[in-house]
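Reader: I would like a close look at a single part of this model, the surroundings of the ligand, followed by an account of the strands and helices that frame the rest of the picture. Please take it step by step and keep the pieces connected.

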Amino acid sequence: MTLQFTYFPSLDRFAVSKNGHSVENRWFMQCDGYTSLEYLRYVPLDGITLCDINEHLLKCPQELCCEITNTCNAHCHVCIADAPNRSPIHLSSGILANVIEHLVNPILRITITGGEPTAHPDLTGIVASCAGTEVGIVLSTNGCEPRAVKRVLDSDRKVLLSVSLHGPKDVHDIFVGCLGSYDRAIETIRVASERSLAIHVLSMATRETLPTLPELSQALSELPISEHRINLVKPSGRNLAGMVTYEEVLESILNVCVSHKISIKRRDQPFLFLNCLGHLEVRHERAY
Ligand SMILES: C[S@@+](CC[C@H](N)C(=O)[O-])C[C@H]1O[C@@H](n2cnc3c(N)ncnc32)[C@H](O)[C@@H]1O
């Protein structure tokens with residue numbers, strides 16, 4: 001069976017169909033795999049299973065996640081990247097361009113992340129090194145540096161902006177360990193909305209954030225975001241105390257009524273990962 005992957009940049013999802021079956025955005029937005037509360041980046045259609053997709057992605061990944069720096073201006077205690085780091089390392093745009101040029105299979109999506117990508121001294125150069133490729137670019141930031149994000153967006157490259165907010169103002173600022181972070185993230189969202197870019201907000205679900213996530217989602221409905229994605233803590237992060245279950249998150253958001261989409265992410269599907277030292281590997285499926 002040959003699988004066909006169609007990436008929808010503003011939805012940040014792939015439709016996976018059987019070869020020859022093209023999928024339209026409007027139709028896709030009505031299918032169960034998209035309307036479901038669980039966020040699957042690769043949505044199986046045509047009787048395809050998640051196993052079929054995983055097997056395919058392990059041999060032929062469709063996306064590259066780039067950790068462009070290991071440093072960060074925040075101190076989230078669960079950080080999967082273990083940032084900030086005492087000796088900052090930044091990936092050079094030359095190495096990134098070289099990796100992209102020599103990929104065996106073409107990819108459809110690149111995430112620029114860290115650490116905190118706005119702490120990279122040449123973030124616009126990094127984005128430019130993906131620019132020749134016909135891929136969706138996701139900039140994943142805590143939004144603490146609106147001016148750095150603005151510089152990237154001024155370069156005219158269409159990106160999906162993914163901003164982390166883990167609760168209402170007081171909860172968020174404590175979670176990331178920096179006063180004023182919430183307000184700066186909101187400013188970053190406004191910078192992107194002035195350019196009519198798709199904006200997703202990502203939240204970590206932990207014991208401390210869970211009770212306030214409905215309030216956060218309500219507050220976000222005042223902003224032009226298209227999706228609020230709540231992530232379960234990945235088991236490989238640091239400091240795992242306070243993890244909550246998928247069912248707990250489901251219960252907490254069930255009665256939230258907002259115009260943007262809400263989703264919950266509890267699994268990774270295989271992807272290529274490039275670390276800040278330029279090491280490339282396929283990361284396997286993880287359900288958590
Ligand atoms: C690693 S951060 C890097 C980008 C940026 N510094 C930020 O905070 O958005 C990317 C996303 O991963 C999430 N994240 C961090 N640690 C995690 C963990 N242990 N499990 C699941 N997601 C995690 C963050 O909350 C954020 O939404």
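**The ligand shell and the sheets**

Author: The shell around the ligand is made up of eight nonpolar, eight polar and two charged residues. This is a predicted model, and what follows should be read in that light. Of the 18 residues around the ligand, those that come nearest are Ile-80, Ser-164, Leu-202, Lys-234 and Gly-237. Two strands, β6 (136–141) and β8 (199–205), each supply at least two residues of this shell, and both of these strands belong to an open sheet of nine strands, whose order is β10-β9-β8-β7-β6-β5-β4-β12-β13 and whose pairing is mixed. The edges of the sheet are taken by β10 (261–265) and β13, and because each has a single partner strand, one side of each is left without a neighbour in the sheet. On average, and with direction ignored, neighbouring strands of this sheet are turned by 25° against each other.

Starting from β6, which contributes to the ligand shell, one finds that strand β5 (residues 109–113) pairs with β6 in the parallel sense over four bridges, and that the bridge partner of Arg-109 in β6 is Gly-136. Helix α10 (residues 246–253) packs on the sheet, where it touches β8, β9 (227–232) and β10, and the direction of α10 makes about 165° with that of β10. One of the strands touched by α10 is thus β8, which, like β6, supplies at least two residues to the shell around the ligand.

Towards the β13 edge, strand β4 (residues 63–67) and strand β12 (residues 271–274) run parallel and are joined by three bridges, with Cys-65 having Phe-273 of β12 as its bridge partner. Strand β12 is also joined to strand β13 (residues 280–283), here by four bridges and in the antiparallel sense, and Phe-273 has Glu-281 of β13 as its bridge partner. Phe-273 is therefore a useful residue to follow by eye, a bridge partner of Cys-65 and of Glu-281, and the general background is that strands of a sheet pair through backbone hydrogen bonds, either parallel or antiparallel. Between β12 and β13, which form a hairpin, there are five residues, and Gly-278 in the turn has a positive phi of about 90°.

A further open sheet is formed by three strands in the order β1-β2-β3, again with mixed pairing. Its edges are β1 (3–8) and β3 (42–44), each with a single partner strand, so one side of each is left without a neighbour in the sheet. Neighbouring strands of this sheet are turned by 30° against each other on average, direction ignored. Strand β2 (residues 13–18) pairs with β3 in the parallel sense over three bridges, and Ala-15 stands opposite Val-43 in β3.

Across β1, β2 and β3 lies helix α3 (residues 50–59), which runs at about 135° to β3. The buried residues of α3 are Ile-53, His-56 and Leu-57; they are on the same side of α3 because they cover an arc of only 100° around the axis. On the other side of α3, Cys-51 and Lys-59 are exposed, while what covers the buried residues of the helix includes β1, β2 and β3.

Conventions:
Residues numbered from 1 in each chain as written. Predicted model: local features only at pLDDT ≥ 70, side-chain atom pairs only at ≥ 80, totals over all residues. Near = placed C-beta within 6 Å. Nonpolar A, V, L, I, M, F, W, Y, C, P; charged D, E, K, R; others polar. Pairing = 2+ DSSP bridges. Axes fitted to C-alpha atoms, helices over the stretch in contact; angles between N-to-C directions. Contact = placed C-beta atoms within 7 Å. Buried ≥ 20, exposed ≤ 12 C-beta atoms within 10 Å, placed from the backbone. Arc of directions from axis to C-beta.
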